[in-house]
Amino acid sequence: MVLSLRDLSVEAAGRALVDRLNIDVQAGRIVGLVGPNGSGKSTALRCVYRALRPTSGAVLLDGTDLTSLKPRDSARSIAALTQESQTELDFTVEEVVALGRAPHARGNHPLTARERALCRQSMERLDVTHLADRSVLTLSGGERQRVLVARALVQEPRVLVLDEPTNHLDVRHQVELLSFLRGSGLTVLTALHDLNLAAAACDRIAVLSSGSLVATGSPAEVLTPELVRKVFGVDVTVVHHPRTGAPHLIYDLTATAPSALPDAPPEGRHS
Ligand SMILES: Nc1ncnc2c1ncn2[C@@H]1O[C@H](COP(=O)(O)OP(=O)(O)OP(=O)(O)O)[C@@H](O)[C@H]1O
């Protein structure tokens with residue numbers, strides 16, 4: 001299933017938060033949305049999972065405008081893990097994961113044997129089986145994040161929209177989640193802050209700055225020192241993974257630290 005953002009714009013408070021964005025995610029591919037804080041990543045993703053209506057432009061699913069689909073129908077195709085994904089109810093992990101079946105539910109029918117097996121598989125895949133009976137209110141940030149990914153998978157979507165899915169995850173769970181996504185065959189659009197994880201996981205990277213798309217291409221095409229300096233204001237050295245060839249950014253903290261601390265006290269003062 002192909003996901004396309006076509007001339008997508010969102011305006012609020014008299015300014016463009018997202019400005020005529022054009023992004024295509026081919027079937028089974030992963031596109032990473034990167035950019036500084038406030039550049040419009042979450043706003044663009046909200047239009048895809050229909051939490052926000054674009055001011056103009058459209059989101060297309062295999063060429064069909066999402067707004068022509070009933071929310072329940074688009075929810076069968078698109079699952080989202082968002083900054084707003086709530087787990088504030090006193091549900092167990094197992095119950096929250098099962099909620100992923102809601103768009104497929106027929107009335108109040110209990111889950112079928114196949115659906116229960118699907119929930120078990122997703123919990124195993126996300127390493128949360130041991131938490132099945134725990135209240136989600138008691139989970140750590142990373143555990144909760146993994147439960148939400150399991151819930152999204154149970155939805156059996158063909159498109160996954162993820163806003164910072166590696167937030168709170170330790171390095172093992174970051175790597176496991178992104179390598180799972182790579183092998184999943186799902187069409188994935190994901191906002192990521194970690195440019196090295198984006199380079200390792202994504203087929204293509206789209207770079208946002210002040211609501212506009214400033215670069216798009218393979219990680220090697222996009223993640224150049226010039227682009228990173230221009231968009232993020234940071235000096236990097238780019239090396240390449242010895243086996244995959246993926247670019248890897250090395251940050252020079254001594255080069256950026258002084259200007260990043262405008263109110264730094266004079267040298268020699270210690271608190
Ligand atoms: N409803 C709104 N009204 C006014 N401004 C908004 C609204 N929603 C978001 N913004 C602003 O739009 C800009 C883009 O926000 P958005 O959350 O999309 O950025 P982001 O790239 O996801 O940032 P981050 O990396 O910090 O998560 C920000 O400056 C934000 O303050």
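The legends below describe close-up views of a predicted model, beginning with the whole chain.

**Figure 1. Overall build of the predicted chain****.** Local features are described here where pLDDT is at least 70 and side-chain atom pairs count only at pLDDT 80 or more, while totals for chains, interfaces and linings use all residues. Residues are numbered from 1 along each chain as its sequence is written. The chain has 10 helices and 12 strands; these are DSSP runs, helices being H or I of at least four residues and strands E of at least two, numbered from the N terminus. The radius of gyration is 20 Å, close to the 18 Å that the globule rule gives for 271 residues, so the chain is as compact as a globular protein of that length. The radius is taken over C-alpha atoms, and the rule is 2.2 Å times the number of residues to the power 0.38. Along the principal axes, the C-alpha atoms fill a box of roughly 65 × 45 × 45 Å. Of the 271 residues, 37% are buried. A residue is buried if 20 or more other C-beta atoms lie within 10 Å of its own, exposed if 12 or fewer, and partly exposed in between, with C-beta atoms placed from the backbone. Among contacts with a separation of 6 or more, 65% join residues 24 or more positions apart; a contact requires C-beta atoms, placed from the backbone, to lie within 7 Å.

**Figure 2. The shell around the ligand****.** The ligand is surrounded by Ala 12, Ala 13, Leu 17, Gly 35, Asn 37, Gly 38, Ser 39, Gly 40, Lys 41, Ser 42 and Thr 43. A residue is included if its C-beta atom, placed from the backbone, lies within 6 Å of the molecule. The shell divides into 3 nonpolar, 7 polar and 1 charged residues. In this count Ala, Val, Leu, Ile, Met, Phe, Trp, Tyr, Cys and Pro are nonpolar, Asp, Glu, Lys and Arg are charged, and the others, Gly among them, are polar. Helix H1 (residues 41–48) supplies the largest share, 3 residues.

**Figure 3. Helix H1 and the turn of chain after it****.** H1 is mostly covered, with 7 of its 8 residues buried: Lys 41, Thr 43, Ala 44, Leu 45, Arg 46, Cys 47 and Val 48. Arg 50 follows just after H1 and lies in the loop between H1 and strand E4 (56–61). Its phi is near 65 degrees, a positive value in a residue other than glycine. Most residues other than glycine have a negative phi. Arg 50 is partly exposed because 17 other C-beta atoms lie within 10 Å.

**Figure 4. Val 59 in strand E4****.** Val 59 counts as buried because it has 25 C-beta neighbours inside 10 Å. Not counting residues up to four places away in sequence, Val 59 touches Leu 5, Leu 8, Cys 47, Val 48 and Leu 66. Val 59 and Leu 81 are 22 residues apart in sequence and 18 Å apart in space, C-alpha to C-alpha.

**Figure 5. The largest nonpolar core****.** A nonpolar core is a set of buried Ala, Val, Leu, Ile, Met, Phe, Trp, Tyr and Cys residues joined through C-beta atoms within 7 Å. This one has 72 residues, of which Val 97, Ala 150, Val 161, Leu 189 and Ala 198 touch the most other members. Helix H5 (residues 141–154) gives the most to this core, with 7 residues. Leaving aside neighbours within four places in sequence, Val 97 is in contact with Cys 119, Ser 122, Met 123, Val 147, Ala 150, Arg 151 and Val 154.

**Figure 6. Helix H5 and its cover****.** In H5, 12 of the 14 residues are buried, including Arg 144, Val 147, Ala 150 and Val 154. The cover over the buried residues includes strand E6 (78–81), helix H3 (93–98), helix H4 (113–125), strand E7 (159–163) and H6. At 1.5 Å a residue, the 14 residues of H5 should span 20 Å, and the end C-alpha atoms are 20 Å apart, which agrees. The expected span is 1.5 Å times one less than the number of residues in the helix. After H5 comes Glu 156, with a positive phi near 50 degrees. Glu 156 sits in the loop between H5 and E7 and is partly exposed, with 17 other C-beta atoms within 10 Å.

**Figure 7. Helix H6 and Gly 185****.** The 13 residues of H6 (residues 171–183) should span 18 Å, and the end C-alpha atoms are 18 Å apart, which agrees. Just after H6, Gly 185 takes a positive phi of about 75 degrees.

Conventions. Contact = placed C-beta atoms within 7 Å.
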